[in-house]
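Student: I should like to practise justifying the terms used to describe a protein structure. May we go through some of them, setting each value against its criterion?

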Amino acid sequence: MTAAAPIELSAGRAATAADHRFMAAAIRYAMRNVGRTATNPSVATLIVRDDGDGPRIVGRGVTAVGGRPHAEPVALAEAGALAKGATAYVTLEPCAHHGRTPPCAEALIAAGIARVVSAVADPDSRVDGKGHAILAAAGLAVTSRLMADEAAETISGYLNRHRRKRPEVTLKLALSADGKLGLKGQGQVKITGPTANAQTHLARTRHDAILVGAGTVLDDDPRLDCRLPGLADRSPTRIVLDPRLRTTAEMSVVRTARETPTQIASFADADPNKRAALAAAGVGFVACEADPHTGRIALPELLEDLAARGMSSVLVEGGAETAAAFLYEDLVDRFVLLRGEVVIGEDGIASPIDVAAARRRFRLVRQYRFGADHAFEFARREA
């Protein structure tokens, strides 16, 4: 993807090498709270001033856990009086609407910021260019769309929720060397090594929810949490596709539902006694519609409901059936495929997609090697 050229919205100099350096630093800083900011995206702001000895960062801010306060007031508070005449680097267009706090665009103006460099335009209808307009009208020099593509990766879930009215879906599959996902009825089969597995746990911390089918819960009894040291409290909400409530109170996701939020997507007419037992254990529910053709959960409608709950990103770690359903409905925005050296054999569960098919359908973004394992990351091909 070719990045759009930065645009000057009001009088000021064009983007420089220093602008790119500080924006890149802001994008890295924004990663700090990804997955922890509720309905808001994790945005970063750097306040930079140059008093003749070269530019220096005098204030830093990132969207707080829970979504408030925004990055701009945090950075301005750290900069204090040094914000006057400085440049603010913001990874997302400053907000323009009044909520519990004044708009961030007005806060930048009040602090005496002279120039604002932003990356991504905010698709929220309450902002969508209005933040930049407020800044320009006040006489600030504004440069937008600097490193927009790079910054968009950090807040891709938020952007997707506004543009497609559903969360961004990342499908993750681990394939054996012979293209298998596991063995039916054999529980979990170790396909990848500890380094690749750690990357999976890290990915979980960056999503609002992790989703699997009831078959995975029944066959593998997974915990579906983050077990990296120091990151246990960043486990996402667990969602189980279980229209007829086959999940039981003995399953790990139910036994730990009070520690890690667990939601079961089920039909309204599912057994009320099973529903009551699961609810007593702390499980929540998402009411689902049935697809008229398959009788299974209607996935597009489910994702719309999750977006209405404020979820911006869902990591699908289900088995072959769940993966195939999301692929068939064209609901996969990102695809992470891990390929190990283990050979499972002819009795293994075939994957609905392999590396070659993924290359044809998606755009290869990056690839890694974790010891003996290979990782491929793909993204949706935009029209």
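Tutor: Let us begin with Y89, in what is a predicted model. Y89 has a relative accessible area of 3%.

Student: Why is Y89 called buried?

Tutor: Buried means under 20% relative accessible area. Y89 has 3%, so Y89 is buried. F22, with a relative accessible area of 8%, is buried by the same reasoning, because 8% is also under 20%.

Student: What makes F22 and Y89 an aromatic pair, and why is the pair called tilted?

Tutor: The ring centres of F22 and Y89 are 5.5 Å apart, and rings pair if their centres lie within 6.5 Å. The angle between the planes is 35°. Planes under 30 degrees apart count as stacked and over 60 as edge-to-face, so a pair at 35° falls among the rest and is tilted.

Student: How do you know that the pair links distant parts of the chain?

Tutor: F22 belongs to helix 1 and Y89 to strand 4 (residues 87-92), and 67 residues separate them in sequence. The structure holds 4 aromatic pairs.

Student: Why is the pair of F335 and F378 called stacked?

Tutor: The planes of F335 and F378 are 25° apart. That is under 30 degrees, so the pair is stacked. The centre-to-centre value is 5.9 Å, which is within 6.5 Å. F335 lies in strand 14 (residues 334-339) and F378 in strand 17 (residues 373-379), so the pair ties together parts 43 residues apart in sequence. Both phenylalanines, F335 and F378, are buried, and ring pairs link F335, F362 and F378 into a cluster.

Student: What makes the contact between R244 and D269 a salt bridge?

Tutor: The side chains of R244 and D269 meet at 2.8 Å, N to O. A salt bridge requires such atoms within 4 Å, so this pair qualifies. The two residues lie in loops and are 25 residues apart.

Student: Why is R244 called partly exposed, whereas D269 is called exposed?

Tutor: D269 has a relative accessible area of 56%, which is over 50%, so D269 is exposed. R244 has 44%, which is in between 20% and 50%, so R244 is partly exposed.

Student: How do you know that D333 and R380 form a salt bridge?

Tutor: Their closest N and O atoms are 3.1 Å apart, and the limit is 4 Å, so the pair counts as a salt bridge. D333, at 4%, and R380, at 13%, are both under 20%, so both are buried. D333 is in the loop between helix 12 (320-328) and strand 14, whereas R380 is in the segment after strand 17. Both take part in a network of salt bridges with R164, R166, D330, R361 and E382.

Student: What makes E377 and R334 a salt bridge?

Tutor: The closest N and O atoms of E377 and R334 are 3.6 Å apart. This is within 4 Å, so the criterion is met. E377 in strand 17 and R334 in strand 14 are 43 residues apart. At 16% and 14% relative accessibility, E377 and R334 are under 20%, so each counts as buried. The structure holds 20 salt bridges.

Student: Why is D208 said to have no salt bridge?

Tutor: The nearest side chain of opposite charge, R161, is 6.3 Å away from D208. That is not within 4 Å, so no salt bridge is counted, although D208 is buried.

Student: What makes the approach of S312 to D208 a polar contact?

Tutor: The backbone nitrogen of S312 lies 2.6 Å from a polar atom of the D208 side chain. The cut-off is 3.5 Å, so the distance is within the limit. D208 also touches other residues, including G35, P236 and G310, and is placed in the loop between helix 7 (194-205) and strand 9 (209-213).

Student: How do you know that P94 is buried?

Tutor: P94 has 0% relative accessibility, which is under 20%, so P94 counts as buried. P94 is found in the loop between strand 4 and helix 3 (104-110). Among the residues in contact with P94 are E72, L108, V116 and H132.

How values were computed. Residues numbered from 1 in each chain as written. Predicted model: local features only at pLDDT ≥ 70, side-chain atom pairs only at ≥ 80, totals over all residues. Heavy atoms only, no water. Helix = DSSP H or I, 4+ residues; strand = E, 2+ residues; numbered from the N terminus. Buried < 20%, exposed > 50% of the residue type's maximum accessible area, 1.4 Å probe, protein only. Lys, Arg positive; Asp, Glu negative; His and termini not counted. Polar contact = N/O pair within 3.5 Å; in protein donor to acceptor, adjacent residues only side chain to side chain. Contact = heavy atoms within 4.5 Å. Phe/Tyr/Trp six-rings, centres within 6.5 Å; stacked < 30°, edge-to-face > 60°. Lists of a residue's contacts leave out its neighbours within four places in sequence.
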